Amino acid sequence: MKKYLLDLVERREMKQNIPEFRPGDTIRVHQRIFEGEKERVQVFEGVVIRHRKAGNRSSITVRKISYGVGVEKIFPIHAPTVEKIEIVQRSTSRRAKLYYLRNLAGKAARLTQEKAKPATE
């Protein structure tokens with residue numbers, strides 16, 4: 001009974017406008033940043049290396065290379081600071097967690113791009 005009540009409360013807090021993405025996809029996450037009294041939106045673009053699905057506690061780990069240094073950031077998907085998630089590019093992956101990308105650099109870290117589906121008439 002307690003779990004059922006908790007699910008109802010959590011479901012109410014979940015966002016509905018999240019696109020379907022998988023590990024390997026390149027996404028752009030818009031996050032609100034509060035600096036003193038000011039507020040701005042910061043964009044973080046990178047490859048999803050982990051997608052943890054846990055209802056309201058779901059999170060993603062996004063990795064990008066910034067000035068030759070690998071940067072990873074963990075985003076709770078349903079957090080109020082995450083404004084928008086948009087898919088930039090889809091890739092195919094045969095793994096659920098892409099931690100091996102941490103040890104690769106340059107062309108070796110490329111993922112195979114998903115083929116565009118032909119338009120049906």
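Q: Which residues form a nonpolar patch on the surface, and how much accessible area do they have together?
A: The model is predicted. In it, Y4, L5 and L8 form the nonpolar patch, with about 310 Å² of accessible area together.

Q: Why is Y4 called exposed?
A: The relative accessible area of Y4 is 52%. Exposed means over 50%, so Y4 earns the label. Y4 belongs to helix α1 (residues 2–13).

Q: What secondary structure does the chain have, and in what order do the elements run?
A: The chain has one helix and five strands. From the N terminus the order is α-β-β-β-β-β.

Q: How much of the chain is buried?
A: Of the 121 residues, 28% are buried. The cut-off behind that label is under 20% relative accessible area. The chain exposes about 9,100 Å², and carbon and sulfur atoms supply 53% of that area.

Q: What share of the contacts with a separation of 6 or more joins residues 24 or more positions apart?
A: That share is 52%. The C-alpha trace spans about 50 × 45 × 35 Å along its principal axes.

Q: What makes the pair R32 and E83 a salt bridge?
A: Their side chains meet at 3.4 Å, N to O. A salt bridge needs a nitrogen of Lys or Arg within 4 Å of a carboxyl oxygen of Asp or Glu, so the pair qualifies. R32 lies in strand β1 (residues 26–35) and E83 in strand β5 (residues 82–89), so the bridge ties together parts that are 51 residues apart in sequence.

Q: Are R32 and E83 buried, partly exposed or exposed?
A: R32 has a relative accessible area of 25%. E83 has 41%. Partly exposed lies between the cut-offs of 20% and 50%, so both residues are partly exposed.

Q: How do you know that R40 and E35 form a salt bridge?
A: The distance is 3.1 Å, N to O. The limit is within 4 Å, so the pair counts. R40 is partly exposed at 35% relative accessibility. E35 is partly exposed too, with a relative accessible area of 42%.

Q: Why is R63 called buried, and what is the label for E72?
A: R63 has 14% relative accessibility. Buried means under 20%, so R63 is buried. E72, at 30%, counts as partly exposed. The side chains of R63 and E72 meet in a salt bridge of 3.1 Å, N to O. Elsewhere, salt bridges that share partners join R28, E45 and E86 into one network.

Q: How many salt bridges does the rule count?
A: The count comes to 10.

Q: What does R50 lack, and how far away is its nearest side chain of opposite charge?
A: R50 is buried yet has no salt bridge. The nearest side chain of opposite charge is E72, 8.0 Å away. A bridge must fall within 4 Å, so E72 does not qualify as a partner of R50. R50 is placed in strand β2 (residues 38–52).

Q: With which side chain does the side chain of R50 make a polar contact, and what makes it one?
A: The partner is the side chain of S59, at 3.2 Å. The cut-off is within 3.5 Å, so the distance passes. R50 also touches other residues, including I60, T61, K97 and Y99.

Q: What makes T61 buried?
A: Its relative accessible area is 4%. The cut-off is under 20%, so T61 is buried. T61 is found in strand β3 (residues 59–66). Among the residues that T61 touches are V47, R50, E72 and K73.

Q: Where does K73 lie, and is K73 buried or partly exposed?
A: K73 is in strand β4. With a relative accessible area of 27%, K73 is partly exposed. Its side chain makes a polar contact with the side chain of Q31 at 3.2 Å. K73 and R50 are 23 residues apart in sequence and 11 Å apart in space, C-alpha to C-alpha.

Q: What is noted about phi of Y67?
A: Phi is near 55°, a positive value in a residue other than glycine. Y67 is found in the loop between β3 and β4.

Q: Why is Y67 called exposed?
A: Y67 has 85% relative accessibility. The cut-off is over 50%, so Y67 counts as exposed.

Definitions and conventions: Residues numbered from 1 in each chain as written. Predicted model: local features only at pLDDT ≥ 70, side-chain atom pairs only at ≥ 80, totals over all residues. Heavy atoms only, no water. Helix = DSSP H or I, 4+ residues; strand = E, 2+ residues; numbered from the N terminus. Buried < 20%, exposed > 50% of the residue type's maximum accessible area, 1.4 Å probe, protein only. Lys, Arg positive; Asp, Glu negative; His and termini not counted. Polar contact = N/O pair within 3.5 Å; in protein donor to acceptor, adjacent residues only side chain to side chain. Contact = heavy atoms within 4.5 Å. Patch = residues over 30% accessible without salt bridge, like charges linked within 9 Å, V, L, I, M, F, W, Y side chains within 5 Å. Areas by Shrake-Rupley, 256 points an atom, 1.4 Å probe, with all protein chains shown as cover. Lists of a residue's contacts leave out its neighbours within four places in sequence.
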